[in-house]
Amino acid sequence: MEPGTTDLASLFSLRDRTIVITGGAGALGGAMARALAAAGARVAVLSRHEESSAAVAAAIQAAGGQALGMACDVRDPATLVRAAGVVTAAFGAIDALVNAAGGNQEPATTTGDRSFFDIDPAAVSDVLDLNFTGTLRCCQVFGRQMAERGSGCIVNIASMSAIRPLTRIPAYSAAKAALVNFTQWLAVHLAQEYGPHLRVNALAPGFFLTEQNRYLLTDQQTGAATARAQAILAQTPMARLGAPADLCGPLIWLLSPASAFVTGSVIPVDGGFSAFGGV
């Protein structure tokens, strides 16, 4: 499609594109995977657990979409190379990559019982490896054929904590900040070295309630919002936590021809949290 087109049917379409999504069996990743398939993409759902990936792929297929699911650990280069081969054999050349694998570890956070000085460095390394180095590995493995072809799109899932460092989660905030910097670096590198039709962007979700952060946002006995969750809502102009569907529209936009002149951007999806000055 030519730049500047106003054909809306094509502008936001992902039809006949092969898209890999890591972390595709999680609450956010699964919603995004289903949305990509609904937009016409052939979706490869990757996660650490074969059963979970297969379940998301089966749901997409039941809805009339094209998908496959497989186990893949972004911390293990061999599984990434193997997954790339399976996807290419099943669906053809990879057109886009969504790096949604990530997460935090409680031993890498400060709590009432754990000071900064007692954080486990091994847990910090694990968080950095999963969120930053794991994404870098995926960009190398799945992005290589895009670079060789001179076209493709990568979307990294960053975090609001990369833009405004948050209390209690130093390792996660640092990892996501590194991911934002890497997103911008890779966008420039690929466009200059391999062609202007290679784009790299990121989404920075605000506060979404997931299994990974539930212990921070809800009381484990009562399920009520914690003081931290109440503070978040008080600083979010839209006064709610995000829902998985809130990420799907921005993601499709970044992957589709509608954003053909957008690269190196980090898009907040945060209900206005990053825009609010507190008064």
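Contact here means heavy atoms within 4.5 Å, and in this predicted model the buried residues of helix α2 pack in that sense against β1, β2, α3, β4 (96–99), β5 and α10 (248–255).

Those buried residues of α2 are Leu28, Gly29, Gly30, Ala31, Met32, Ala33, Ala35, Leu36 and Ala37. Because nine of the 12 residues of α2 are buried, the helix is largely enclosed by the rest of the structure. Glycine 40, whose phi is positive and near 110°, follows α2.

The strands that α2 meets belong to an open sheet of seven strands, which has the order β3-β2-β1-β4-β5-β6-β7 with parallel pairing. Strands β3 (66–71) and β7 (266–269) stand at the edges with a single partner strand each, and therefore one side of each lacks a neighbour in the sheet. On average, and with direction ignored, neighbouring strands of this sheet are turned by 15° against each other. Within the sheet, β1 (residues 18–22) and β2 (residues 42–47) run parallel and are joined by five bridges, and threonine 22 stands opposite leucine 46 in β2.

Two further helices pack on the sheet. Helix α3 (residues 50–62) touches β2 and β3, and its direction makes about 175° with that of β3. Helix α7 (residues 170–194) touches β5 (152–157), β6 (198–205) and β7, with its direction at about 165° to that of β6.

For α2 and α4, the spans can be set beside those expected at 1.5 Å a residue.

| Helix | Residues | Number of residues | Span between end C-alpha atoms | Expected span |
|---|---|---|---|---|
| α2 | 27–38 | 12 residues | 17 Å | 16 Å |
| α4 | 77–91 | 15 residues | 21 Å | 21 Å |

In α4, the buried residues are Thr79, Leu80, Ala83, Ala84, Val87 and Phe91. Seen down the axis of α4, these buried residues fall within an arc of 140°, so they line one face of the helix. An α-helix has 3.6 residues a turn, so residues three or four places apart point the same way. On the other side of α4, Val81, Arg82 and Ala89 are exposed, while the cover over its buried residues includes β1, β2, β3 and α5 (121–149).

Both ends of α4 can also be described. Aspartate 76 caps the N-terminal end, with a side-chain oxygen lying 3.1 Å from the backbone nitrogen of alanine 78, and α4 is followed by glycine 92, whose phi is positive and near 90°.

Methods. Residues numbered from 1 in each chain as written. Predicted model: local features only at pLDDT ≥ 70, side-chain atom pairs only at ≥ 80, totals over all residues. Heavy atoms only, no water. Pairing = 2+ DSSP bridges. Helix = DSSP H or I, 4+ residues; strand = E, 2+ residues; numbered from the N terminus. Axes fitted to C-alpha atoms, helices over the stretch in contact; angles between N-to-C directions. Expected span 1.5 Å × (residues − 1). Buried < 20%, exposed > 50% of the residue type's maximum accessible area, 1.4 Å probe, protein only. Arc of directions from axis to C-beta. Polar contact = N/O pair within 3.5 Å; in protein donor to acceptor, adjacent residues only side chain to side chain.
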